[in-house]
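Here are some short exercises to work through at your own pace. Have the model open, try each task, then read the solution.

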Amino acid sequence: MSENSRMARYHSDEEPEPQQAPQTTETYQRRPALARWVAFLILLLTVSVGLKLTVFNANYTAGVVSRSSVGEKVINHVNDDLQNLGVSGAPVTSSLMQPYLAMGVAKLYGETIDAPVDTTDLSAAISTQAQTMGVTATAGMTTAIAKQAKKRAQAAFSTSAMSQAAIQVQRAKKINFAVLLGSILLLIVTFFYAFSVHHVFASLGSGMTVGGLLTGLVGIGGYFFLPYVVTSTSKTAANLLTTIGRSGLGVIIFAGVAEIVIGLVVMLGHRTFRKE
């Protein structure tokens with residue numbers, strides 16, 4: 001047997017080395033357009049929700065009005081009515097007048113609040129002040145002051161200037177509701193699309209960060225330019241609307257800062273888990 005045949009038989013008995021399958025590395029695909037779209041929707045949603053919960057909320061607005069010049073004027077009139085009944089010292093405060101001012105503020109939104117106001121705190125404040133003066137506060141006195149408070153609060157928002165301002169407020173409220181509804185529907189559709197391409201948290205993190213930044217910028221810009229946007233025949237009405245709007249924009253700015261922080265946390269978590 002030749003040397004070549006023995007070598008061939010020797011090598012034929014060896015097991016062939018297994019071929020290694022080519023490694024397929026799945027690269028992460030960034031979608032900046034989707035993140036920008038999410039940021040825009042976050043901006044619309046935050047602004048519209050913030051305005052709905054603040055500027056277009058009668059109870060919140062009543063709290064702002066009670067600390068404004070309009071609210072102070074109404075409170076002073078109510079305390080004057082109480083002084084005419086024999087109790088001085090201005091026991092009626094802004095917190096006690098807030099439920100009654102909410103009835104007047106509702107006129108700005110074309111709404112009516114018919115629910116009776118709890119007069120327990122008002123009665124206690126009047127009774128305490130009356131005792132210090134040696135006067136007896138009757139239940140009829142509290143009822144009379146409560147009626148006067150409601151009447152004066154509604155009268156403050158029944159002027160011609162406030163009626164014109166109410167038209168602008170109600171129009172803005174309808175626009176805000178349409179933007180809110182549209183942004184919610186678009187966010188739902190965008191979520192399902194991001195879920196289908198496995199890009200939920202990546203888009204959410206960067207979208208909330210950029211959206212929060214845009215929200216803060218829009219809020220700051222609106223805060224300073226709002227006096228030039230609000231138009232009214234009365235300086236009192238214009239100042240009141242500016243005060244209410246700036247209060248709501250302050251909340252929106254805070255929400256934007258919170259969204260930036262949450263977005264950065266989501267981005268950090270997504271990057272950490274993606275590397276692992």
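**Exercise 1.** Find which residues touch the most other members of the largest nonpolar core.

*Solution.* Start with the term: a nonpolar core is a set of buried Ala, Val, Leu, Ile, Met, Phe, Trp, Tyr and Cys residues joined through side-chain atoms within 4.5 Å. Buried means under 20% relative accessible area, exposed over 50%, and partly exposed in between (1.4 Å probe, protein chains only). The largest core has 46 residues, and Met97, Val105, Leu122 and Phe157 touch the most other members. Next, look at where the core comes from: α3 (58-66), α4 (69-84), α5 (94-105), α6 (120-132), α7 (139-156), α8 and α10 (235-275) each give two or more residues. The largest share, seven residues, is from α10. Apart from this core lies another, of five residues, including Leu34, Ile42, Ala194 and Met208.

A note on the model: it is predicted, so local features need pLDDT of at least 70 and side-chain atom pairs count only at pLDDT 80 or more, while totals for chains, interfaces and linings use all residues. Residues are numbered from 1 along each chain as its sequence is written, and side-chain values use heavy atoms, with hydrogens and water left out.

**Exercise 2.** Work out whether the end-to-end distance of α8 agrees or disagrees with its expected span.

*Solution.* Helices are DSSP runs (H or I, at least four residues), numbered from the N terminus. The expected span is 1.5 Å times one less than the number of residues. For the 37 residues of α8 that gives 54 Å; the end C-alpha atoms are 55 Å apart, so the two agree. Now check burial along α8: its buried residues include Ala161, Val169, Asn176, Leu180 and Ala194. Isoleucine 184, also in α8 (residues 160-196), is partly exposed, with a relative accessible area of 37%.

**Exercise 3.** Decide whether tyrosine 109 is buried or exposed, and list what it touches.

*Solution.* First, place tyrosine 109 in the loop between α5 and α6. Its relative accessible area is 7%, so tyrosine 109 is buried. Then list its contacts (heavy atoms within 4.5 Å): leaving out residues up to four places away in sequence, tyrosine 109 touches Val55, Phe56, Asn57, Ala58, Thr61, Val169, Gln170 and Lys173. Finally, take alanine 58: 51 residues separate it from tyrosine 109 in sequence, yet their C-alpha atoms are 8.0 Å apart.

**Exercise 4.** Find the contacts of serine 206 beyond four places in sequence.

*Solution.* Serine 206 sits in helix α9 (residues 200-229). It counts as buried, at 18% relative accessibility. Its contacts are Ala35 and Met267.
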